[in-house]
Amino acid sequence: MPALVAFNRRWQIGSDDLVFVFAGGLMARIAWVTVLCIIFGVYHSQIRLCTASFALQSFFIGVIALTFIVILNEIAIIWMSMRGSVINTRPRRHIPILLYIQIALYVPETCLSALGIYWAFYESKGCEDGLTIPVKITVVLQWCLFLTVLVVVVVFFDPLGSTQITDHGEDRRALQEKTTKIWERRCKVLCCCFASCDEDYRDAISDIAGMFASELHGIDAVPSDVAAGLILLQEQQEEEERQKIQDGQTSSEGVPVDLSDPSQKKLIDDAAHFMKYSLGSYGWPMYVFMNPCCGTFHFCSKVRWLSCLGPRAKHIINDNCCMCNSAAIHLQSSLPESDLIYCTYHNKLYEIPFYVAIDDKAKAVVISIRGTLSMRDTLTDLTGHGERIDMEGVEDGMAHKGMFLSAQYIKKVLLDNGILQGAFDEAEDRGGNYRLVIVGHSLGAGTASVLSILLKPLFPGLQCFAYSNPSVLNESATVNCEDYVLSVLVGKDVVPRMSVKTLNTLVQDLENVIMNCNLPKYRILMTGCWRAICFFLGNNNKNRKGDPKVLPPSISPRTDQGSQPHITEPLLGKRGERQPLSSSTGGARSSYVSNNGGSSESESNRQRNESQLVRLFPAGKILQIDVKPKNRPRPGLAYDLTWANKENYDRVIICPTMVKDHFPDVVMNALRDITS
């Protein structure tokens with residue numbers, strides 16, 4: 001950071017990343033030149049007896065001498081790449097010259113390789129295998145090296161690297177359009193085998209490409225800069241959390257849950273009870289994942305192996321030939337066959353699988369919506385612009401566009417086909433007063449939240465349980481549905497904290513920690529790798545002695561976002577020639593909201609005030625479940641339960657469990673532990 005500039009263009013690699021790029025090649029060259037020197041010394045007298053001995057001797061001497069020169073140049077590149085810091089690139093300003101020398105050395109290497117091929121395959125008759133085989137191996141290794149260099153060039157090629165960023169509005173708009181087209185092409189290539197090419201698909205690709213182009217436009221950073229920033233940000237956030245624990249505070253701000261209150265206890269018990277329906281919506285993959293040993297045998301006993309030979313069940317749509325997914329529903333939720341009213345696995349963009357069941361024990365008709373399990377679902381997740389939603393008593397309600405359209409699809413299927421009416425008629429025949437309960441996890445949770453709002457006028461007594469709910473509604477809509485929507489979140493789950501708005505905040509936080517750190521990037525990345533190894537080995541004590549630290553004390557805890565970086569050496573280039581992580585020169589970067597399809601963000605929109613942006617939050621009332629720290633006493637529950645404030649989710653928390661905490665089995669186990 002900034003990106004490496006060579007051959008008059010920017011590349012998607014930093015000058016301080018070459019430590020890792022050349023270290024492996026350097027060790028391989030040292031090992032192989034040692035072997036060649038030994039072979040040349042042992043067989044030196046026998047080389048003269050071979051056919052074309054002059055060519056063979058020239059090959060050995062040339063390869064050994066040239067390899068030593070290359071080794072010296074690679075050592076110089078690695079040494080210089082280790083200097084400076086992520087921001088301070090001046091000590092590495094001669095890196096491009098060393099790279100030009102390295103590339104120039106490939107020319108004589110190619111000539112020597114051609115000479116080796118000629119001798120090894122045409123003039124090596126009569127020579128011992130001790131000479132012939134090393135020459136052939138050397139030639140093969142050289143061509144593997146050339147192929148590796150070509151792959152590296154392709155991987156780190158930046159399509160916009162030759163574009164010069166200026167302050168002219170027209171040039172910036174042209175660059176924005178070019179960036180959007182590149183992201184559209186990337187999305188289409190990624191999804192070419194998973195999605196259709198209808199109008200909704202093209203609109204979604206356009207929206208997603210516009211979002212990425214907007215957020216990443218003008219950012220002069222490479223992937224390793226982001227990785228280093230995440231490591232620094234994690235340490236900063238851990239320091240803040242340790243400070244909170246020392247002060248006797250919980251990690252989540254809000255009101256502690258009072259389990260002695262019958263109404264609160266019943267709400268949490270209901271959330272634990274209906275979680276099994278959310279698990280069932282994922283079908284057989286989730287059941288096998290949660291039960292890797294004996295689960296397969298139980299699952300096989302429920303599968304209808306011969307169902308493809310007979311008539312298909314009319315109430316089950318698009319399941320596979322053996323009805324594996326519907327079998328998993330019965331196993332996960334313990335539903336009798338007669339209680340599954342309707343089930344569809346039809347999956348397109350904005351059209352996600354769901355099922356309807358009757359729970360006699362809880363006196364409820366349950367709608368369970370599946371979370372992300374396909375590339376089409378991922379596109380729905382990424383279509384994260386705001387879409388207006390009509391709510392009673394709310395004039396400016398906004399919802400996540402992809403989840404809003406998915407909820408509209410499910411509502412249409414339920415009402416137009418009379419599915420809900422049929423379910424309630426069946427429930428009425430069984431006796432009792434049944435209510436409507438809508439559940440879902442992840443994408444299904446966000447869709448369930450919006451569907452609850454859409455169905456609330458028709459079913460006033462409905463209840464929604466949204467597990468690992470993403471940011472789906474704006475503030476006014478979230479407050480309005482607190483009476484009937486409960487979001488259950490565990491730990492540092494990254495999904496509820498991810499939105500277009502929090503992406504802005506994350507970029508700012510990364511810029512702050514990077515610009516305030518004077519350590520070289522390789523030390524930061526090696527520290528992060530060491531911590532990852534310790535985590536996977538089970539040594540996850542954050543307060544252990546000897547844990548390497550990379551965050552300077554001067555920025556722990558978090559510095560002000562407006563603070564200026566402290567750089568002891570001048571930066572490479574003149575002022576205005578480089579762009580830090582954030583491309584705006586004053587204030588925070590802005591996002592944009594599309595009300596009906598979305599379009600590319602203009603420069604004026606980028607400079608608008610933060611207060612004009614739409615912030616999305618997990619819907620309704622939020623139950624935050626956190627594992628109690630090890631240094632705190634654990635009377636009773638091993639969890640801290642909090643009715644959390646929605647403002648807790650305006651930043652991404654970097655943590656080793658940030659992905660694991662989102663898994664539905666983790667949520668299920670936490671709720672079981674609490675209610676047991």
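Ten strands make up an open sheet with mixed pairing in this predicted model, and their order is S3-S14-S13-S12-S11-S10-S7-S6-S5-S4. The edges belong to S3 (254-256) and S4 (316-317); each has a single partner strand, so one side of each is left without a neighbour in the sheet. At the S3 edge, three bridges tie S3 to S14 (residues 639-644), and the two strands run antiparallel. Within that pairing, glycine 254 sits opposite alanine 644 of S14.

Now for two backbone oddities. Most residues other than glycine have a negative phi. Lysine 363 has a positive one, about 55°, and it lies in the loop between S6 (354-359) and S7 (364-369). Serine 442 also has a positive phi, near 60°, and is placed in the loop between S10 (435-441) and helix H16 (443-455). Are these two buried or exposed? Lysine 363 is partly exposed, at 34% relative accessibility, while serine 442 is buried, at 8%.

On to charges. The structure holds 21 salt bridges, and here are three of them:

| Pair | Closest N to O distance |
|---|---|
| Glutamate 109 and arginine 29 | 3.0 Å |
| Glutamate 239 and arginine 242 | 2.8 Å |
| Arginine 430 and aspartate 339 | 2.7 Å |

The pair of glutamate 109 and arginine 29 links distant parts of the chain, H4 and H1 (residues 18-42), 80 residues apart. Glutamate 109 is buried, with a relative accessible area of 3%, and arginine 29 counts as buried too, at 10%.

Glutamate 239 and arginine 242 are three residues apart in H8 (residues 223-246), so about one helical turn separates them. Glutamate 239 is partly exposed at 27%, whereas arginine 242 is buried at 15%.

The bridge between arginine 430 and aspartate 339 spans 91 residues, from H15 (residues 419-430) to the loop between H12 (324-333) and S5 (340-344). Arginine 430 is partly exposed, at 28%, and aspartate 339 is buried, at 6%. Elsewhere, Asp16, Asp17, Arg92, Asp225 and Lys521 are linked in a salt-bridge network.

What about greasy surface? Phe7, Ile97, Tyr100, Ile101 and Ile103 make a nonpolar patch of about 460 Å². Tyrosine 100 belongs to H4 (residues 95-122) and is partly exposed, at 36% relative accessible area.

Last comes helix H21 (residues 664-675). At 1.5 Å a residue, its 12 residues should span 16 Å, and the end C-alpha atoms are 17 Å apart, which agrees. Buried residues in H21 include Pro664, Val666, Met668, Leu671 and Ile674.

Conventions: Residues numbered from 1 in each chain as written. Predicted model: local features only at pLDDT ≥ 70, side-chain atom pairs only at ≥ 80, totals over all residues. Heavy atoms only, no water. Patch = residues over 30% accessible without salt bridge, like charges linked within 9 Å, V, L, I, M, F, W, Y side chains within 5 Å. Areas by Shrake-Rupley, 256 points an atom, 1.4 Å probe, with all protein chains shown as cover. Salt bridge = Lys/Arg side-chain N within 4 Å of Asp/Glu carboxyl O. Helix = DSSP H or I, 4+ residues; strand = E, 2+ residues; numbered from the N terminus. Buried < 20%, exposed > 50% of the residue type's maximum accessible area, 1.4 Å probe, protein only. Expected span 1.5 Å × (residues − 1). Pairing = 2+ DSSP bridges.
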